[in-house]
Amino acid sequence: MKKIITASIAAAALCTLFGSCNRDKASVTKHPVTLRLSEVHARGYPTTLADEEFARLVEERTEGRVKIEVRSGGALAENESDAIEALREGDLAFTRVSASPVAEFVPKVNAILLPYLYRSSDHMWNVLNGPIGQGMLDDIERSGSGLVGLCYYDGGARNFYINRAVRSVSDMAGLKIRVQNNQMMVDMCSALGARGVTGIGVGAVRRAIEDGTIDGAENNWPTYQSGGDYLVAPFYVLDQHTRVPEVLIASKKVLDRLDSADVAIIKQCAKETQVFEIKKWKEREFSSEQIVRANGNTIVELSSTAFAEFQAAMQPLYEKYGKQYTDIIRQIQNTN
């Protein structure tokens with residue numbers, strides 16, 4: 001694990017995190033305790049705003065017994081994987097991450113991340129707020145990973161954006177597409193006849209398209225707009241190939257140090273922030289979309305036939321990554 005970049009969450013500083021080193025568990029619950037939450041996104045981003053709302057609710061509902069300090073912009077951990085490791089060790093209390101790195105410790109989470117699994121945002125939320133999604137949060141806590149799943153946040157749908165028109169799977173042939181450093185995403189492009197290119201940071205995508213290193217990339221509306229990628233890749237294909245939820249997670253070691261009543265309050269407050277975050281996400285998504293449309297970009301809405309073609313091309317991925325979770329996948333597909 002990379003070094004966590006603040007001394008305040010190092011093992012030597014756990015006294016600061018939980019109060020005096022000489023206090024036992026019983027006394028900790030009688031005194032205000034300040035816990036820290038790591039967020040890689042900047043202030044004002046939808047998930048960061050939700051983190052701050054979570055902190056506000058917890059302090060209010062515990063009558064000040066538990067305070068949560070939200071540190072955004074990667075101030076506590078350089079990336080989401082580092083934050084997860086800190087939680088597992090008990091050196092950090094909370095973090096907001098994509099569900100993808102959580103799957104590294106709880107493989108069953110992969111079952112809710114497969115491409116073209118969800119028909120819409122409503123379909124995804126019906127799954128996540130139902131027995132499958134809530135059961136997955138329980139599975140995270142029971143997994144022995146040292147993590148506790150608190151709630152899901154919205155991260156939008158990822159779509160392809162290209163420097164030429166794409167309206168069918170055949171149009172994807174030979175295209176070089178920047179993807180996350182994730183083998184499943186590379187395999188997704190291969191299944192569509194394209195080539196997934198890794199190792200290009202989000203901030204370098206625009207230049208890579210301009211110099212011909214890649215033909216396009218894939219991401220949500222805010223990222224497509226905020227990085228200026230929409231200025232060099234004017235075709236935005238609404239295929240919605242993945243909807244990877246964000247997850248607010250806690251350290252089991254940290255929660256075990258708290259009074260059980262306060263832990264129950266923390267869990268309830270987290271769930272209440274979900275609606276808040278979804279609202280903030282939709283607002284950000286809408287504003288980014290309006291900027292892109294005002295620029296005159298071509299927004300490609302796939303026909304039902306074309307979408308089914310993209311979805312059918314994913315069968316090899318379902319065999320490779322979802323074979324042991326066929327029952328869960330079937331339940332997701334049958335959810336309204």
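**Figure 1. G64 in the loop between helix 3 and strand 2.** In this predicted model, G64 counts as buried because its relative accessibility is 15%, below the 20% limit for that class. The loop that holds G64 runs between helix 3 (46–61) and strand 2. Leaving aside residues up to four places away in sequence, G64 touches P32 and E59. P32 lies 32 residues from G64 along the chain, and the C-alpha atoms of the two are separated by 6.3 Å.

**Figure 2. E63, a residue with positive phi.** E63 is in the loop between helix 3 and strand 2. With a relative accessible area of 69%, E63 is exposed. Its phi is near 55 degrees, a positive value in a residue other than glycine. Most residues other than glycine have a negative phi.

**Figure 3. Q240 in strand 9.** Q240 is placed in strand 9 and, although not a glycine, has a positive phi of about 50 degrees. Q240 counts as partly exposed because its relative accessibility is 24%, and that class lies between 20% and 50%.

**Figure 4. The open sheet of 5 strands.** The strand order is 2-1-3-10-4, and the pairing is mixed. Strand 2 (66–71) and strand 4 (147–153) are the edge strands; each has a single partner strand, so one side of each has no neighbour in the sheet. From one strand to the next, the twist averages 25 degrees.

**Figure 5. Pairing of strand 4 with strand 10, and two helices on the sheet.** Strand 4 pairs with strand 10 (residues 246–251) in the antiparallel sense, over 6 bridges. Within this region, Y152 stands opposite V247 of strand 10. Helix 12 (residues 260–294) packs on the sheet and touches strand 2, strand 3, strand 4 and strand 10. The direction of helix 12 makes about 25 degrees with that of strand 4. Helix 4 (residues 80–89) lies across strand 1 (33–38), strand 3 (94–98), strand 4 and strand 10. Helix 4 runs at about 140 degrees to strand 3.

**Figure 6. The open sheet of 6 strands.** Here the order is 7-6-8-5-9-11, again with mixed pairing. Strand 7 and strand 11 (298–300) are at the edges, and each pairs on one side only. Ignoring direction, neighbouring strands of this sheet are turned by 30 degrees against each other on average. Strand 6 and strand 7 run parallel and are joined by 3 bridges. R178 has V197, in strand 7, as its bridge partner.

**Figure 7. The largest nonpolar core.** This core has 63 residues, and V109, I112, F160, M172, I177 and L192 have the most contacts inside it. Helix 8 (residues 183–191) gives the most to the core, with 5 residues. A second, separate core has 25 residues, including V33, L57, F94 and L258. In soluble globular proteins, nonpolar side chains tend to be buried together.

**Figure 8. Contacts of M172.** Not counting residues up to four places away in sequence, M172 touches F160, V166, I177, L192, G193, A194 and F310. F160, I177 and L192 are also listed, with M172, among the residues that have the most contacts inside the largest core.

**Figure 9. Helix 8 and its cover.** The buried residues of helix 8 are M184, M185, V186, D187, M188 and C189. Their cover includes strand 5 (158–162), strand 6 (176–178), strand 7 (195–197), strand 8 (216–219), strand 9 (235–242) and helix 14 (315–322). G193 follows helix 8 and has a positive phi, near 90 degrees.

**Figure 10. The whole chain, for orientation.** The protein has 15 helices and 11 strands. Its radius of gyration is 21 Å, close to the 20 Å given by the globule rule for 336 residues, so the protein is as compact as a globular protein of that length. The C-alpha trace spans about 65 × 40 × 35 Å along its principal axes. Buried residues make up 54% of the 336 residues. Of the contacts with a separation of 6 or more, 75% are between residues 24 or more positions apart. The accessible surface comes to about 14400 Å², and 48% of this surface belongs to carbon and sulfur atoms.

Key
Residues numbered from 1 in each chain as written. Predicted model: local features only at pLDDT ≥ 70, side-chain atom pairs only at ≥ 80, totals over all residues. Heavy atoms only, no water. Core = buried A, V, L, I, M, F, W, Y, C linked by side-chain atoms within 4.5 Å. Buried < 20%, exposed > 50% of the residue type's maximum accessible area, 1.4 Å probe, protein only. Helix = DSSP H or I, 4+ residues; strand = E, 2+ residues; numbered from the N terminus. Contact = heavy atoms within 4.5 Å. Pairing = 2+ DSSP bridges. Axes fitted to C-alpha atoms, helices over the stretch in contact; angles between N-to-C directions. Rg over C-alpha atoms; globule rule 2.2 N^0.38 Å. Areas by Shrake-Rupley, 256 points an atom, 1.4 Å probe, with all protein chains shown as cover.
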